[in-house]
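Trainee: I have a model open and want to work through its strands and helices. Can we go step by step?

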Amino acid sequence: MNSPTLVVLAAGMGSRYGSLKQMDAFGPYGENIIDYSIYDAILAGFGKVVFVIREQFEDAFKDFFAGKFEDKIEVAFVCQELDVLPKGFRPPINREKPWGTGHAVWVTHEAVNGPFAVINADDFYGRDAYFKIRDYFNSEDAAEGNYCVVGYYLRNTLSDHGTVNRGVCLVDDQMYLRGVNEIVKIAREQDGVIRYPGDGILSDDTLVSMNIWGFLPSYYDHAEESLKSFLTTHGDNPASELYIPSVVDQLITNGKLKVKVIPSNSAWFGVTYKEDKPFVTEQIKCLIEDGEYPEALWK
C-alpha cells in the first residue's frame, strides 16, 4: 500500500470567525490547528498532504507553511474554485462560492493517487484518528473496496459555550454506517442530560461524525458521478452545496460499498467563532504539558 495522503479542507472563508482561522495561532510558537493535524499524520505514516484552498489565499497559505514540514512530508496545494467542474458543466453567472465539501474533495483527484483521509482544517481530531485510519487502509475491509469514518463520542464534542450541530452515525450490528442523521442545537442541560429541540435526548456514547473520512482512489469516480448529478439538478441554485455525507449516503443506499464506523475516544475540538480561541489554546497547552507534543512543534 502507498503511504496514505491527508487531504485538508481549508477553502473556508472564515466569515463567522472574522479572519482566516486556518492560519490563526494556537500553539506557543505560532502553530495552528493544521500544524498539529499534520504532525499527527506524519507520526501515523502519511506521506503527503494536499491543501484545498481558494486561489485568492494561495500565496498566503504557501508563505505561512513554507519551510515547516516539507522535509517530513510531501506538500501540494489545490485550488477549489467555482468554475473547476467536470467537463461540460459551467457555474451560473450569479454563483459566488464553490460547491461544498463534496466538490472540495473531488478537485483533488489529480493530486492523490492512493488511499487518503479527509479532514477539516479548523478541527483538532487527536492522534488516535490518524493511526486508526492508517490501520484501516491495511485491513481486509479496505481490500474489499470499502471506506471508513471515525466516530467520536458525543460527550467529547460538546461545547460549554452553547449548542452544537452534529451528524449522528446510524450503524448496523457490524458497525457499518447506515446513514448520518444531522441534528441541530444539541446541548447538555443543567440536569446533565444531552437534549435537542423537540424533546430529543442523546446519550453520552452517541457516535457522531466530525468529517474525518478514510477513502480509496475509487472515491473520485463516485464523487464525480455525484457531482454531475448534483449540478444537473441543483446547479442553478446559487446557494446549493454538495456535502461529503451526501456522496457517501448515495453509495451506501445504492449498495455500491460499505463504510466502517471506527470509534475514537479522543476529544475533538474546533473553532467556529473568535470566542472559541481561548479554549482551543488552553487544550493545546494541556496536551503539550502532558507530553503529547513538543513545545516547539517543528523545531
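Trainee: Which residue in strand 4 is the bridge partner of Leu6?

Mentor: Keep in mind that this model is predicted. Strand 1 (residues 5–9) pairs with strand 4 (residues 116–120). That pairing is parallel and spans 5 bridges. Within strand 4, the partner of Leu6 is Ala117.

Trainee: Which residue in strand 11 is the bridge partner of Ala117?

Mentor: Strand 4 also pairs with strand 11 (residues 207–215). Here the two run antiparallel, joined by 3 bridges. In strand 11, Ala117 is matched with Gly214.

Trainee: Are the residues on the two faces of strand 4 buried or exposed?

Mentor: Take the faces in turn. Phe116, Val118 and Asn120 lie on one side, Ala117 and Ile119 on the other. The count for the strand is 5 of 5. On both faces, the residues are buried.

Trainee: How many residues of strand 2 are buried?

Mentor: Strand 2 covers residues 48–53. Lys48, Val50 and Val52 point one way, while Val49, Phe51 and Ile53 point the other way. Buried here means under 20% relative accessible area. The strand is largely enclosed by the rest of the structure, because the buried count is 6 of the 6 residues.

Trainee: What is the bridge partner of Val8 in strand 2?

Mentor: Strand 1 and strand 2 pair over 5 bridges. The sense is parallel. For Val8, the partner in strand 2 is Phe51.

Trainee: Which residue of strand 3 stands opposite Val49?

Mentor: Strand 3 (residues 74–79) pairs with strand 2 in the parallel sense. There are 6 bridges between them. Val49 faces Val75.

Trainee: What is the handedness of the β-α-β unit that contains strand 2?

Mentor: Its parts are strand 2, helix 2 (residues 58–65) and strand 3. The two strands pair in the parallel sense. The unit is right-handed.

Trainee: At what angle do helix 6 and helix 7 pack?

Mentor: Helix 6 spans residues 219–234, and helix 7 spans residues 244–253. Their axes are 10 Å apart. The pair counts as roughly perpendicular, because that class runs from 65 to 115 degrees. The angle is about 105°.

Trainee: How many residues of the contact of helix 6 with helix 7 are nonpolar, polar and charged?

Mentor: Helix 6 contributes Tyr219, His222, Ala223 and Ser226. Helix 7 contributes Ile244, Val247, Gln250 and Leu251. By class, that gives 5 nonpolar, 3 polar and no charged.

Notes. Residues are numbered from 1 along each chain as its sequence is written. This is a predicted model: local features need pLDDT of at least 70, side-chain atom pairs count only at pLDDT 80 or more; totals for chains, interfaces and linings use all residues. Side-chain values use heavy atoms; hydrogens and water are left out. Axes are lines fitted to C-alpha atoms, for helices over the stretch in contact, and angles run from 0 to 180 degrees between N-to-C directions. Helices (H or I, at least four residues) and strands (E, at least two) are DSSP runs, numbered from the N terminus. Angles under 35 degrees count as roughly parallel, over 145 as roughly antiparallel, 65 to 115 as roughly perpendicular and the rest as oblique. Contact means heavy atoms within 4.5 Å. Ala, Val, Leu, Ile, Met, Phe, Trp, Tyr, Cys and Pro count as nonpolar, Asp, Glu, Lys and Arg as charged, and the others, Gly among them, as polar. Buried means under 20% relative accessible area, exposed over 50%, partly exposed in between (1.4 Å probe, protein chains only). Two strands pair if DSSP finds at least two bridges between them. A crossover is right-handed if, with the strands pointing away from the viewer, the path from the first strand over the helix to the second runs clockwise.
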